[in-house]
Amino acid sequence: MSDFAWAIERVLPETIADLIELISIPSVSSQGDHDGDVLIAADHVSNLLTRTGCPEVRLLHAGGKPAVYGHFPAPEGKPTVLLYAHYDVQPTGDLSSWTSLPFSPEERDGRMYARGSADDKGGIAIHLAALRVFNGAPPVGVKIFIEGEEEIGSPSMPALLDKYADELTADVYVVADAVNWAVGEPSLTTTLRGVVDAVVHVSTLETGLHSGQFGGVVPDALTALCRLLATLHDERGNVAIEGLAQGPGPDLDYPMDRLKVETGLLDGVEFIGEGSVVERMWTKPAVSVLAIDTTRIADASNTLVPTASAKVSVRLAPGQDPAAAEDALRHHLETNAPWGARVRVERGQRGGPSTIELDGVHAQAAKEAITDAFGVAPVEMGCGGSIPIVAEFASRHPDATVLVTAVTDPDSRMHGIDESLDMSDLAKAALAESLLLDYLAR
């Protein structure tokens, strides 16, 4: 066993204890009821960095949730590496559907189950473990940047990057927020989809009307909304919004049987779209209806609904301009409503896609570090999710190397019920990052 592997074994118990404590803070950035928890989580991450021996730790503010910043100055002639993760998490959904409470971490069969265990407090744990290996003296310059609003699209990120440009400049950026190919099989991400979303409001009446008296002649807003949302896909499930970019996927086989198991697709339900699995997941657009606001079933009466709303999200293929995609979504929604229904579109978040080049000495060091830690070379793969900060880092620092790494796997259920983290992969990812810092110093 290498010296670094022994060192990871030494620091891992403390790091896991810190992870459990951090996961227990319900830092849901999208819900105002948890604003206080978000601030508590930011302070807690600050304290954890201080305990690693980081000589400079502070909160960065630019009008949104605070980001945590730490800095180990670079030894003479050595590069500076910025380690990124985020401490905010998604809402839990139906608590009764969880096997154990989402903010009470529980380890079962080698996995830690809790909201945020995988996305992305596990990423924070990787950084903590790697830093502890070096006892407060990493061999390269290290900056730590842990944001608190990734799950709401990082709305204040451009302002934060503008305000703290010097603090957030580095030679290498390590974004620990993607997904591995499988448990024990690591990845380096080569493409990321972008995202735009909007809330569409559909109205047909000034007020609700008796459905028996006027039904059959007067359209209700909910039916109009449903028909509008149905136009977002064609009969095969391909995105029907005109003007969106798409591209070919990598030459990777992603078996349908594997996909069915990973997603929990119900018997008889078909996959949607056309093209290879990796194209549909990584290099083609996707549209989803995330939520609908209308009368609850418990409150339903025989009334024609005058207004109904839905939140629509579009994942963007690499190469897509987010502003153009936002315009295309708005145009589609405004021009496809049935029966002359009135439509108002409220724009939401916007994040750019990324194409990540894995060439140069820094990327080669990452490949070697990951291979040495996991025992197998990383799969160079796309990711269907969106990490807007990657495009920001790349565009603002074109000479830097951006690496998108992972601690999660396809069974982690990020954003879903029973989110979990494989503990053996946590240890391997931490080892890979400590090795990367060492290799970069050489």
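The following dialogue asks how several descriptions of this predicted model are justified.

Student: What kind of model is this, and what limits apply to the values?

Tutor: This is a predicted model, in which local features need pLDDT of at least 70 and side-chain atom pairs count only at pLDDT 80 or more, while totals for chains, interfaces and linings use all residues. Residues are numbered from 1 along each chain as its sequence is written, and side-chain values use heavy atoms, with hydrogens and water left out.

Student: Why is Ser154 called buried?

Tutor: Buried means under 20% relative accessible area, exposed means over 50%, and partly exposed lies in between, with a 1.4 Å probe and protein chains only. Ser154 has 6% relative accessibility, so it counts as buried. Its place is in the loop between β6 (141-147) and α4 (157-163), where helices (H or I, at least four residues) and strands (E, at least two) are DSSP runs numbered from the N terminus.

Student: What makes the pairing of Ser154 with Glu147 a polar contact?

Tutor: A polar contact is a pair of N or O atoms within 3.5 Å; within protein, one must be able to donate a hydrogen and the other to accept it, and residues adjacent in sequence count only if both atoms are side-chain atoms. The side chains of Ser154 and Glu147 make such a contact at 3.0 Å. Leaving aside neighbours within four places in sequence, Ser154 is in contact (heavy atoms within 4.5 Å) with Glu147 and Glu149.

Student: Why is Pro248 called exposed?

Tutor: Pro248 has 68% relative accessibility and therefore counts as exposed. Pro248 lies in the loop between α6 (221-230) and α7 (256-263), and it touches Glu279 and Thr283 when residues up to four places away in sequence are not counted.

Student: How do you know that the length of α3 agrees with that of a helix?

Tutor: The expected span of a helix is 1.5 Å times one less than its number of residues. For the 13 residues of α3 this gives 18 Å, and the end C-alpha atoms are 19 Å apart, which agrees. Helix α3 is also mostly covered, with 13 of its 13 residues buried, and just after α3, Asn135 takes a positive phi of about 50°.

Student: What is said of the span of helix α1, and where does α1 bend?

Tutor: Helix α1 (residues 3-23) has 21 residues and reaches 29 Å from its first C-alpha to its last, close to the expected 30 Å. The bend at a residue is the angle between axes fitted to the seven residues ending there and the seven starting there; in α1 it is about 40° at Leu12, and a proline, Pro13, follows within four residues.

Student: Why is Thr15 in α1 counted as buried, and what does it touch?

Tutor: Thr15 is found in helix α1, and at 1% relative accessibility it counts as buried. Leaving aside neighbours within four places in sequence, Thr15 is in contact with Ala125, Leu128, Ala129 and Arg132. The buried residues of α1 pack against α2 (35-51), β5, α3, β18 and α12.

Student: Why is strand β16 described as largely enclosed?

Tutor: Four of the five residues of β16 (residues 379-383) are buried, so the strand is largely enclosed by the rest of the structure.

Student: How do you know which strands pair with β16 and β17?

Tutor: Two strands pair if DSSP finds at least two bridges between them. Strand β8 (residues 187-192) and β16 pair in the parallel sense over five bridges, and the bridge partner of Leu188 in β16 is Glu380. Strand β7 (residues 172-179) and β17 pair in the parallel sense over seven bridges, with Tyr173 opposite Val402 in β17. Strand β17 is mostly covered, as eight of its eight residues are buried.

Student: What makes a group of residues a nonpolar core?

Tutor: A nonpolar core is a set of buried Ala, Val, Leu, Ile, Met, Phe, Trp, Tyr and Cys residues joined through side-chain atoms within 4.5 Å. The largest such core has 100 residues, and those with the most contacts inside it are Tyr87, Phe145, Ile389, Val390, Phe393 and Leu426. Its largest share, 12 residues, comes from helix α12 (residues 423-441). A second, separate core of 24 residues includes Val196, Leu225, Leu244 and Ala325.
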